[in-house]
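Please open the model in a viewer and keep the selection tool at hand. The tour below proceeds stop by stop, stating what to select and what is found there.

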Amino acid sequence: MLELLQSHWRIGALMALGAFILALVPFYSSSYVISIFIVLYANIALATAWAFFSGTTRYISLATAAFFGVGIYALAIFHVYVPVPLALLAAAIVGFLVALVVGLSTLRLRGVYFVVFTFGLTELIHQVLNWWEIKINKTVSRYIFTDVSNVSIYETLLAVALITIVGSWFVSKIRLGFALRAIGEDETVARHTGVNTTRVKVVCFALSASVMALVGAVLALRYSYIDATIAFNNTWSFQVLIAALLGGAGRAWGPAIGAIPLVLLSDFLAGTFPHHFGIALGLCFVVIVYFLPGGLTRLLERLYHAWWAEQTKVRTH
Amino acid sequence: MILFEVFLNGLLLGGTYGLIALGLNLQYGVARILNLSYGEFFMGGAFTAFFTIMLWKFNPLLSLFISMPIAFAINWLIYQFLMIPLVRRAPDQDVLDADVVLVTFGLFFVFQGLALVNWSGDLRGYSFLSTGVPLFGATVALNRVLAFFGACAIAFALFLLLRYTRFGTALRAITIDPVAASLVGVDVRKFSALAFAGGGALAAASGMLVSTFISFSSTIGVEYTLKALIVVIMAGVGRVTGTLAAGLLLGVVESLGGYLIDPGLTIAINFGLFMLILLLRPTGLFTRA
C-alpha cells in the first residue's frame with residue numbers, strides 16, 4: 001500500500017487537484033451543465049465498475065441495468081424509513097447481496113450463455129417486480145420525496161466515480177487483481193495455479209454490483225417518480241458496456257475516457273433524434289470490435305509512444 | 001374445457017416458436033455464430049406482411065416471396081463480410097463468442113433503430129383469417145392453425161433436406177465437426193454461409209406467419225430472439241425435431257402459465273423456464289448427457 005503510494009504520488013496529487021477543481025464546478029455553472037456532469041459521473045462509475053469485473057474476467061455481463069434498478073428500488077423503499085445516506089448504504093448492500101446470490105448460481109456459465117442469462121435476469125426482475133407492484137401493492141409506481149439538491153448529488157457521484165476508479169486501479173495492483181486477470185486469460189490454468197476462482201469471481205461480481213446499485217440509488221434522488229420500466233431499462237446495460245469497451249477495459253481510467261464521448265453523443269441525440277442514438281450505439285459496437293479492439297486508451301497510448309519515439313529520435317540525431 | 005382450449009392454443013403457438021427457433025438453430029448449429037440480431041428479421045418479415053396486405057392489398061402470404069429472399073441475402077452478406085473476419089482472427093471460441101455477441105448486438109441496435117426511424121414504434125396489426133374454427137371440440141382461430149401447419153410444413157421440409165440430400169448431409173457433418181467435414185471435402189465456409197442465410201430466411205417466414213395473429217411493433221425483435229434462444233438451448237444445438245418439441249413445450253408452458261398464474265407473468269415465466277434450463281441442463285433437454 002505504502003509502496004504504491006510512494007511510486008504514484010505524482011499521479012495521485014494531480015488527481016486530487018483535478019477532483020478539487022471538478023468539485024468546485026457546480027458553484028460556477030448552470031443547472032444544465034450540472035445535470036450533464038451528473039449523468040457523466042454516473043456513467044463513469046457504472047462503466048468502471050463493469051470493467052472491473054467483466055473487462056478483466058471476460059464474463060460479459062448485461063446485468064448492469066438489473067443492479068442499477070435494484071439500487072433505485074432499494075432507495076425508494078428505504079428512504080421512507082431512514083435518512084438518505086443510510087438508504088444509499090442500504091442500496092449498495094442490497095446490490096451486493098443480490099449479486100452474491102446471482103453470482104453463486106450463474107458464474108459457472110461461460111461465454112454466450114452468461115451474456116444471455118444476465119440479459120434475461122434484468123428482464124425477469126423487471127417483469128416480476130412490475131407484476132408484484134400491480135397485483136400485490138395495487139400501484140404502478142413509487143414516489144421519492146427528498147430535499148437533496150442537485151449540487152449534493154453532483155458531489156456524491158463525483159466521489160463515487162473517483163473512488164471506483166481508484167479502487168479498481170488499486171485492486172489491479174494487488175493479488176486479487178492478478179487473480180481476476182488470470183481468470184480472464186485462462187480459467188482452468190488459474191484454478192490449477194491455486195486461485196479460488198469461484199470466490200474471486202463472486203466477490204468481485206458483487207463488489208461491482210454494489211457500485212451499480214449505489215449509482216442507481218443516487219440517481220433515483222433526482223427522480224420524484226419511478227416504476228419498474230424506468231428502473232430496469234436495458235439501455236443502461238448496453239451504454240455502460242460500450243463506454244467501457246470504447247475507452248478500453250484493460251486500464252482503470254479507460255472506461256472514464258469512453259464514457260465522455262458517449263454521454264455527449266447521447267445528450268446531443270437523445271433529445272432530438274432518440275432512435276438515431278440506438279443506431280449510433282449499434283455502430284459503436286461494430287466499430288469497436290473491428291477497429292478499436294483495445295479501446296481509445298490503447299490508441300492513445302500507441303500515439304503517445306509513437307510521438308515519444310519521434311521526439312527521442314530527433315534528439316539523438 | 002377452457003383449460004383444453006388454452007392448452008390447444010399453447011400448442012399452436014408452440015409450433016410457431018419451434019419454427020422461429022429452427023432458423024436460429026440452423027445458424028448457431030452449422031455456422032457456430034449466435035446471431036443476436038436474429039429477431040430483427042422476424043420483425044422484418046412481420047412488417048413486410050403488414051405492408052403487403054395494408055398498402056398493396058395482396059394476400060400477406062405472398063410477402064414471403066419478398067421477405068425471405070431479402071433476409072437470405074442480408075444474412076449471407078453478414079456472414080461473409082462481418083463474421084468471417086472475426087472467425088479468422090479469433091484465437092479461440094471464447095474470444096470469437098465475445099466478438100460475435102458484440103457485433104450482432106450492434107446489428108440488432110442498428111436494424112431496430114432503422115425500423116423505428118422509418119416505421120415508428122407504433123403497434124401494428126391486421127386481420128387475416130381471423131375466423132374461429134372448431135378443432136377437437138374447442139374453437140381456435142384459423143390464422144393460428146395456418147401458422148402452426150405452415151411451421152410444421154417448413155420444419156418437415158427442412159428435416160427431409162437435412163436427412164436425405166447431399167447438401168443436408170454436408171450441413172450435418174459441419175454441425176458435428178467442421179474440421180473433419182473440411183477434411184472429407186465439404187466446403188465449410190460456403191455451406192455455413194448458406195445455412196446462416198437460410199436461418200435468416202426462416203426468421204422472416206416465421207415473422208410473417210406470427211404477424212397474422214399478434215400485434216407487433218419495431219421493437220418486437222429482441223423478444224423473439226430471446227424466445228428462439230430459449231427454445232434452442234432447451235432443444236440442444238443442431239436438432240430439428242428436438243427444436244420443434246421444445247417450441248411446443250414453451251408454447252404450452254407459456255399459455256398454461258399465463259392462464260393458471262397470471263397473464264402479466266408470461267414473459268417472466270419464459271425467462272424463469274429459460275434460466276432454470278440454463279442452470280440445470282445447459283446442453284439441452286433433448287440431448288444425451
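Helices, as named on this tour, are DSSP runs of at least four residues, numbered from the N terminus. The model is a predicted one.

**First stop: two loops**

Select A:Arg58, which is found in the loop between helix H3 (31-57) and helix H4 (64-78) of chain A. Its phi is near 65°, a positive value in a residue other than glycine. Most residues other than glycine have a negative phi. With a relative accessibility of 34%, A:Arg58 counts as partly exposed.

Now move to chain B and select B:Arg32. This residue lies in the loop between helix H1 (2-31) and helix H2 (38-54) of chain B. The phi of B:Arg32 is also a positive value in a residue other than glycine, near 55°. B:Arg32 counts as partly exposed, at 30% relative accessibility.

**Second stop: the contact of the chains**

Colour chain A and chain B separately. How many residues does each chain bring to the contact? Chain B gives 37 residues and chain A gives 36 residues. Between them the chains bury about 3400 Å², and 80% of that area is on carbon and sulfur atoms. To see where chain B loses the most area to chain A, select B:Leu102, B:Phe109 and B:Leu279, which together account for 19% of what that side buries. A search for salt bridges across this interface finds zero.

**Third stop: the cavities**

The model contains five cavities of 30 Å³ or more. The largest cavity holds about 100 Å³ of space. To display its lining, select A:Arg58, A:Ile60, A:Arg110, A:Gly111, A:Val112 and A:Val115 from chain A, then B:Asp94, B:Asp97, B:Ala98 and B:Val101 from chain B. A:Arg58, visited at the first stop, is thus one of the lining residues. Two elements give two or more residues to this lining: helix H6 (111-135) of chain A and H4 of chain B. H4 of chain B gives the most, with four residues. By class, the lining has five nonpolar, one polar and four charged residues.

Proceed to the second largest cavity, with a volume of about 80 Å³. Select A:Val115, A:Val116 and A:Phe119 in chain A, together with B:Leu36, B:Phe105, B:Phe108, B:Val222, B:Thr225 and B:Leu226 in chain B, to show its lining. The elements that give two or more residues here are H6 of chain A, together with H4 and helix H9 (221-235) of chain B. In this lining there are eight nonpolar residues, one polar residue and no charged residues.

**Fourth stop: a pocket**

Next, consider the second largest pocket, which has a volume of about 1300 Å³. Its lining comprises 45 residues. For a view of the middle, select A:Asn233, A:Asn234, A:Thr235, A:Trp236 and B:Phe109, which lie nearest its centre. B:Phe109 appeared at the second stop among the residues of chain B that lose the most area to chain A. The lining of the pocket consists of 25 nonpolar, 16 polar and four charged residues.

**Fifth stop: salt bridges**

Over all chains, the structure holds six salt bridges. Begin in chain A, where A:Glu187, A:Arg191 and A:Lys201 are linked in a network. Select A:Glu187 and A:Arg191: their side chains meet in a salt bridge, at 3.9 Å from N to O. The two residues are four residues apart in helix H9 (residues 187-192) of chain A, so about one helical turn separates them. A:Arg191 is partly exposed, with a relative accessible area of 46%, whereas A:Glu187 is buried, at 10%.

Add A:Lys201 to the selection. Its side chain meets that of A:Glu187 in a salt bridge at 2.7 Å, N to O. Because A:Glu187 lies in helix H9 and A:Lys201 in helix H10 (residues 197-220) of chain A, the pair ties together parts that are 14 residues apart in sequence. A:Lys201 counts as buried, at 5% relative accessibility.

Finish in chain B with B:Asp99 and B:Arg89, which form a salt bridge whose closest N and O atoms are 3.1 Å apart. B:Asp99 is in helix H4 (residues 93-119) and B:Arg89 in helix H3 (residues 64-89) of chain B, 10 residues apart. Of this pair, which residue is buried? B:Asp99 counts as buried at 12% relative accessibility, while B:Arg89 is partly exposed at 39%.

How values were computed. Residues are numbered from 1 along each chain as its sequence is written. Chains are lettered from A and ligands numbered from 1 in the order in which they are written. This is a predicted model: local features need pLDDT of at least 70, side-chain atom pairs count only at pLDDT 80 or more; totals for chains, interfaces and linings use all residues. Side-chain values use heavy atoms; hydrogens and water are left out. A salt bridge is a side-chain nitrogen of Lys or Arg within 4 Å of a carboxyl oxygen of Asp or Glu. Buried means under 20% relative accessible area, exposed over 50%, partly exposed in between (1.4 Å probe, protein chains only). On a 1 Å grid over the protein atoms alone, a cavity is a set of points where a 1.4 Å probe fits but cannot get out, and a pocket is an open set with protein on both sides within 12 Å along at least five of seven lines; lining residues have an atom within 4 Å of a point. Grid points are joined across faces, edges and corners, and a volume is the space filled by probe spheres set on the points. Ala, Val, Leu, Ile, Met, Phe, Trp, Tyr, Cys and Pro count as nonpolar, Asp, Glu, Lys and Arg as charged, and the others, Gly among them, as polar. Contact means heavy atoms within 4.5 Å. Buried area is the accessible area (1.4 Å probe) that two parts lose on being put together, summed over both.
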